Amino acid sequence: MNPLLQAKSLGQSLWLDNLSRDLLDNNQAINLHQFIQEDGIVGLTSNPAIFYQAISKSPRYANDLAQLKQSQLTPEERLEALIIPDIQAACDIFLPYYQRNQALQGLVSLEAS
């Protein structure tokens with residue numbers, strides 16, 4: 001049996017500490033839906049360091065980043081413009097779990113910088 005599902009069967013609430021646009025893409029070999037369905041993940045958390053890795057390594061952010069660099073936004077506003085849509089997309093994925101579990105599961109958090 002999957003060790004994560006074993007932990008879940010013992011009452012553990014499993015959260016993923018990672019988020020990127022690649023992870024949100026169902027066509028990727030490893031994606032958020034897969035973590036939820038196969039590993040019993042019931043929540044997600046992220047932080048600026050995780051997003052730094054995602055933004056610096058994934059080409060999925062390049063176009064948005066280039067456009068934002070031309071804007072009058074502050075660096076913090078640019079970062080928020082990049083990451084808030086990803087957080088919202090993760091919330092959308094977890095929404096059915098949130099609704100089915102009286103808001104005890106399906107949560108997504110973002111550590112403030």
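Biologist: What makes R60 partly exposed?

Modeller: Keep in mind that this is a predicted model. The relative accessible area of R60 is 34%. Buried means under 20% and exposed means over 50%, so R60 lands in between and counts as partly exposed.

Biologist: And why is the contact between D22 and R60 called a salt bridge?

Modeller: Their side chains come to 2.4 Å, N to O. The cut-off is 4 Å, so the pair qualifies as a salt bridge. D22 sits in helix α2 and R60 in the loop between α4 and α5, so the bridge ties together parts that are 38 residues apart in sequence. D22 is partly exposed, at 27%.

Biologist: What about D25 and R60, how do you know that they meet in a salt bridge?

Modeller: Same kind of check: 2.6 Å, N to O, against a limit of 4 Å. D25 is in the loop between α2 and α3, 35 residues from R60. D25 counts as buried, because its 18% relative accessibility is under 20%.

Biologist: Why is R21 called buried, with a relative accessible area of 13%?

Modeller: Because 13% is under the 20% limit. R21 also has a salt bridge with D64, at 2.8 Å, N to O. That pair links distant parts of the chain, D64 in helix α5 and R21 in helix α2, 43 residues apart. D64 is partly exposed at 31%. R21, D64 and D86 are linked in a network of salt bridges.

Biologist: On to the rings. What makes the pair F94 and Y97 edge-to-face?

Modeller: A search of the whole structure finds 1 aromatic pair. The ring centres of F94 and Y97 are 6.3 Å apart, within the 6.5 Å allowed. Their planes stand at 65 degrees, and over 60 counts as edge-to-face, so that's the label. The two residues are 3 apart in helix α6, about one helical turn.

Biologist: Are F94 and Y97 buried or partly exposed?

Modeller: F94 is buried, at 0%, while Y97 is partly exposed, at 23%. R100 lies over the face of Y97, 4.8 Å from the ring centre.

Biologist: Which residues have the most contacts inside the largest nonpolar core?

Modeller: L19, L32, L44, F51 and F94, in a core of 21 residues. Helix α6 gives the largest share of this core, 6 residues.

Biologist: And what makes L95 partly exposed?

Modeller: Its relative accessibility is 38%, between the 20% and 50% limits. L95 is in helix α6 and forms a nonpolar surface patch with W15, Y98 and L107, with about 340 Å² of accessible area together.

Definitions and conventions. Residues numbered from 1 in each chain as written. Predicted model: local features only at pLDDT ≥ 70, side-chain atom pairs only at ≥ 80, totals over all residues. Heavy atoms only, no water. Patch = residues over 30% accessible without salt bridge, like charges linked within 9 Å, V, L, I, M, F, W, Y side chains within 5 Å. Areas by Shrake-Rupley, 256 points an atom, 1.4 Å probe, with all protein chains shown as cover. Helix = DSSP H or I, 4+ residues; strand = E, 2+ residues; numbered from the N terminus. Buried < 20%, exposed > 50% of the residue type's maximum accessible area, 1.4 Å probe, protein only. Phe/Tyr/Trp six-rings, centres within 6.5 Å; stacked < 30°, edge-to-face > 60°. Lys NZ or Arg CZ within 6 Å of the ring centre and 35° of its normal. Core = buried A, V, L, I, M, F, W, Y, C linked by side-chain atoms within 4.5 Å.
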